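Biologist: I'm new to this one and would like a close look at a single part of it. Could you walk me through one of the sheets, strand by strand?

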Amino acid sequence: MNNIKMSGLKISETAEELKSNCQIAVEIIKKAKRVTVTSHRNPDGDAIGSELGLYYYIKNFAEEVRIINHSHVPYNYEFLVGSEDIYLYDAARDDEYILNSDLIIVADVNDTYRLQSVGEPVRNSRAVKLLIDHHLAPKDFADHCIVDCEASSTGEIVWKMIREDVGAIISPEAAAPLYAAIMTDTGSFRYPRTDAELHAIVSDLIACGADPVSIYDNIFNRMPVRAMRLLGEAYTGMELFHGEQLCIMILKNEHFDRSKAERDDVEGFVETAMSMNGVKIAVLLAEKKNSDEIRISFRSKADYEVRDVAVSLNGGGHKQASGARVSGIAIEEVKNIVAEKFAGRLK
Ligand SMILES: [Mn+2]
């Protein structure tokens, strides 16, 4: 691959740069024989969907391609064809494969730390590393990047990359996960990045065989009863601050116990608070089982940033969707700290 111009860490600032970085990535992929694709722990729809979209594309060229993740596939993405081929990382089985890959694609995460257990073999591998992502402030570990911080989703970037390969066919099996990636990361086409260009992209994916009705139904109409009961607990105890523009929900161990819910069941809770009249920022605090750690999720409407507050608590993420974890502070105290941090920015 030495004849390909590598960019190193470079955010695509313009459409032209993005296009050229996509073209270089296509060249890199077409030369690779043994490819590893990976993403962050607790993968979401964009992570799994982007990985599978890449998987089907790369299968056209490489001798072997494996998706290897730290965490299992969430149950509501198991309907995606190919998700059963995703490897749950096992050092004894997978290290040799990762170390001897000639290309590693890291998708929807910009830091090898968030790959968790997969991070170490990825860092140790001499493979060419390609980063495809839309998060802010990427770490400098990749040989080539397609990083567009303005993109709605990594799935959107993967689609753009594949479409730079004239003649590439997107099969229904590949269209469905890419559609799922974009749909989930745009809040089902509600978030600010949802524009005419994005709808043109999903139009192409639907034409290629993605079925919007069944994809939505499989992903979102799957809430376990225990999760709905837990959401009820979160609403019952929620508090509103700063003229009812900030909503903070708290989930303690007792709430999880009472509803028999799991920690993963809180996925999507914080977004629902944003549908309340006047709420600009929503926060969910959840206690972790057998630990003093508290997981904090932040969401905000356009014009309100939450990432800086997440960063001030050693977390990170997007401007309007971010998270942090704090330890050793009682949950009620964390609530007061968070409420205080947003004072002044909400009138
Ligand atoms: Mn994403």
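How many bridges join β7 to β8, and do these strands run parallel or antiparallel?

Modeller: Happy to, and keep in mind as we go that this is a predicted model. Three bridges join β7 to β8, and the two strands run antiparallel. One pair to look for there is Phe241 with its bridge partner in β8, Leu246. Helix α13, residues 331-341, packs on this sheet and touches β7, β8, β9, β10 and β12 (321-327). The direction of α13 makes about 165° with that of β8.

Now step back to the whole sheet. It is an open one of six strands, in the order β7-β8-β9-β10-β12-β11, and its pairing is mixed. At the edges you find β7 (239-241) and β11 (316-317); each has a single partner strand, so one side of each is left without a neighbour in the sheet.

Let's move inward. β8 covers residues 246-251 and is joined to β9 by six bridges, this time with the strands running parallel. Met249 makes a handy landmark, as its bridge partner in β9 is Leu284.

β9 itself, residues 281-287, deserves a slower look. This strand is mostly covered, with seven of its seven residues buried. In a regular strand, side chains alternate between the two faces of the sheet. Here Ile281, Val283, Leu285 and Glu287 point one way, while Ala282, Leu284 and Ala286 point the other way, and all are buried. Note that Glu287 is in that buried list too.

On the other side comes β10, residues 293-300, which runs antiparallel to β9 and is joined to it by seven bridges. Glu287 turns up again here, with Ile294 as its bridge partner in β10. The hairpin of β9 and β10 has five residues between the strands, and Asn290 takes a positive phi near 50° in it.

How does this part fit into the rest? The chain is divided into domain 1 (15-220) and domain 2 (225-341), and the centres of the two domains, taken over C-alpha atoms, are separated by 28 Å. There is another open sheet of six strands, ordered β3-β2-β1-β4-β5-β6, with parallel pairing. Its edge strands are β3 (87-88) and β6 (144-147), each pairing on one side only. Within that sheet, β1 (residues 34-38) and β2 (residues 64-69) pair in the parallel sense over four bridges, with Val37 and Ile67 as bridge partners. Helix α2, residues 45-58, packs on it and touches β1, β2, β4 and β5.

The cores are worth a look as well. The largest nonpolar core has 65 residues, and among those touching the most other members are Leu103, Leu130 and Tyr179. Helix α6 (residues 172-185) gives this core its largest share, nine residues. A second, separate core of 33 residues includes Met249, Phe256, Leu285 and Val338. So you meet two residues from our walk again: Met249 and Leu285 are both in that second core.

Last, the overall picture. The secondary structure comes to 13 helices and twelve strands, and 42% of the 347 residues count as buried. A compact globule with 347 residues would have a radius of gyration near 20 Å, and the chain's 20 Å agrees with that. Along its principal axes, the C-alpha trace spans about 60 × 45 × 35 Å.

Note on methods
Residues are numbered from 1 along each chain as its sequence is written. This is a predicted model: local features need pLDDT of at least 70, side-chain atom pairs count only at pLDDT 80 or more; totals for chains, interfaces and linings use all residues. A residue is buried if 20 or more other C-beta atoms lie within 10 Å of its own, exposed if 12 or fewer, and partly exposed in between; C-beta atoms are placed from the backbone. Two strands pair if DSSP finds at least two bridges between them. A nonpolar core is a set of buried Ala, Val, Leu, Ile, Met, Phe, Trp, Tyr and Cys residues joined through C-beta atoms within 7 Å. The radius of gyration is taken over C-alpha atoms; the globule rule is 2.2 Å times the number of residues to the power 0.38. Domain bounds come from an automatic or database domain assignment. Two residues are in contact if their C-beta atoms, placed from the backbone, lie within 7 Å. Axes are lines fitted to C-alpha atoms, for helices over the stretch in contact, and angles run from 0 to 180 degrees between N-to-C directions.
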